[in-house]
Amino acid sequence: MSKGKNLKSEIDWAAVGAETAELLSRYLQFDTTNPPGNEAAAVQFLADILRQHDFTPHILESAPGRANLVVRLPASAGPPSLPCLLYAHADVVPANPAEWSSPPFSGQIKDDFVWGRGALDDKGLGIIFLQVLILLKNYGLPLKRDIILLIAADEETCGRYGVAWLLEHHPELIRAEYVWDEGGMGLRPANAAHYIYSIAVAEKGALTVRLTARGAPGHASIPHPNNASDQLVRALARLAEWRRPIRLTPPVIEMLKRLAPGYAFPRSLLFAHAGNRLTWPLLFPLLDKDALFSPLIRNTVSLTMLRSGQKSNIIPAEAEAKLDIRLLPGEDPASILGDLRAVIKDIRVSVEAEDMPVAHPASDSAADFFLALADTLKAVGPPGVVTPYLTPGATDSRFFRRAGMKAYGFMPMLLDAQELSRIHGIDERISVANLRFGTQVVFETLRKL
Ligand SMILES: [Zn+2]
């Protein structure tokens, strides 16, 4: 876009959308599949664009080929408030080209969509943030706070070379009051007339648990009762039957209350009074059957990996399974390990945590950031309800929240269930309309802040 403009009314959002699509197309052509990540070249590409607009980006290498970009637009209207950090990760999950209708790193623009792994998660958001930073600078809008843009490596595995590393080694560069991250979005549920704008204020804790059964090896023609695979299968059968209790956390209660008016009776009444335990005998069965709510109301356990045996005629001495467990806020990971052992009821099957979740406080849904974003969505977006949200998945927001920052997860995009399923799925893409919408939402929100 041209430099030196000074009237916000001049912004041609259609042109901004088209330019954002071009930039995203080029950014998507860097293969940043993690592992191994290799984000450095993609980050360098973004830094070059920023330099063309007279920014001074910092590139911080956490390991060979693993790079993070930090750039700051200083406050211009004083006295400054604490900064707002715009954050998007540069790495993506793997894509199998055989399953895609065009190569996942082609960055093709076709049918008013930009196609490629990362288009939604999370390179689209990164390019939106970059465009807004350039717009804010070129239009010289007065800012009460520094705006920091962070593009980091390594979100899709563990953050070790990205946000967690930065918070340990360069906290001064990214310290902010508010963090804008991925998480919720504008989603239109099937058959619903309006959107749900879910802004993530908390997330479940991710815990990986390894179950190992140890028995005695032997020839398969002479079965015996100490077969490790048999033990493991029995343990897993007990876990599959395990009914964990439902618990409503504050973000979910608030979400139910805000969404209540959009539902018909009896949901409208039960949701509105979700905080009252008298409603629970009727409310819980409804939530349990609802795909939106069921992962948000209890600790979940998913069996994800199984390994045992080397040959079909040998009884294996060892069998192993991995469980992906997502804990509600406030749950103690140690006590869930005790629960697993109690359900399995077999000391020959060991239960060990591979990694423990990071405990973090929820972000305040009455804070200025949340209110500014909610106001913008009401003004710019199609009719909908803005609600705080508990993310069932993990994002880097957990690191920011633990470091005392208020992190909010919201991809400023309007999606339906089908588009949403392309995240980490096949033929991921983002519409040019969403790039335009997202840029406008971020721009207007930051103006309000
Ligand atoms: Zn992501």
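Mentor: Two residues are taken to be in contact if their C-beta atoms, placed from the backbone, lie within 7 Å. Please keep this in mind as we examine the structure, which is a predicted model.

Trainee: Which elements cover the buried residues of α7?

Mentor: The cover includes β8, α8 (267-272) and β15. The residues of helix α7 (250-259) that are buried are Pro251, Val252, Met255, Leu256 and Leu259. Viewed down the axis of α7, these buried residues fall within an arc of 135°, so they line one face of the helix.

Trainee: How is the protein chain divided into domains?

Mentor: The domain assignment gives domain 1 as 8-203 + 361-448 and domain 2 as 205-355. Taken over C-alpha atoms, the centres of domain 1 and domain 2 are 32 Å apart.

Trainee: How many residues of each domain are in contact with the other?

Mentor: On the side of domain 1 there are 14 residues, in contact with 15 residues of domain 2. Both β8 (195-203) and β15 (384-391) supply at least two residues of the side of domain 1 that touches domain 2. The largest share of that side, five residues, comes from β15. By residue class, the side of domain 1 that touches domain 2 has eleven nonpolar residues, three polar and no charged. Strands β8 and β15 have thus appeared twice, since they are also among the elements covering the buried residues of α7.

Trainee: Let us turn to the sheets. In what order do the strands of the four-stranded open sheet lie?

Mentor: The order is β11-β13-β9-β14, and the pairing is antiparallel. At the edges stand β11 and β14 (349-355), each with a single partner strand, so one side of each is left without a neighbour in the sheet. From one strand to the next, the twist averages 25°.

Trainee: Which helix packs on this sheet and touches β9, β11, β13 and β14?

Mentor: That is helix α6 (228-241), whose direction makes about 145° with that of β9. In addition, helix α10 (333-344) lies across β9, β13 and β14, running at about 155° to β14.

Trainee: How many bridges join β9 to β13, and how many join β11 to β13?

Mentor: Ten bridges join β9 (205-214) to β13 (318-327), while eight join β11 (300-308) to β13. Glutamate 320 in β13 illustrates both pairings: threonine 212 stands opposite it, and arginine 307 does as well. Further along, leucine 306 stands opposite alanine 321 in β13.

Trainee: What is the strand order in the open sheet of three strands?

Mentor: The order there is β4-β5-β17, with antiparallel pairing. The edge strands are β4 (109-110) and β17 (429-431); each has a single partner strand, so one side of each is left without a neighbour in the sheet. Strands β4 and β5 (113-115) pair over two bridges, and lysine 110 stands opposite phenylalanine 113 in β5. Helix α1 (13-28) packs on this sheet, touching β4 and β5, and its direction makes about 10° with that of β5. Helix α14 (432-448) also packs on the sheet, touching β5 and β17, with its direction at about 70° to that of β17.

Trainee: Finally, is glutamate 168 buried or exposed?

Mentor: A residue counts as exposed if 12 or fewer other C-beta atoms lie within 10 Å of its own. Glutamate 168 has 12 C-beta neighbours inside 10 Å and therefore counts as exposed. Glutamate 168 is found in helix α4 (163-169). Its C-alpha atom is separated by 46 Å from that of leucine 278, which is 110 residues apart from it along the chain.

Conventions:
Residues numbered from 1 in each chain as written. Predicted model: local features only at pLDDT ≥ 70, side-chain atom pairs only at ≥ 80, totals over all residues. Domains from an automatic or database assignment. Nonpolar A, V, L, I, M, F, W, Y, C, P; charged D, E, K, R; others polar. Buried ≥ 20, exposed ≤ 12 C-beta atoms within 10 Å, placed from the backbone. Arc of directions from axis to C-beta. Pairing = 2+ DSSP bridges. Axes fitted to C-alpha atoms, helices over the stretch in contact; angles between N-to-C directions.
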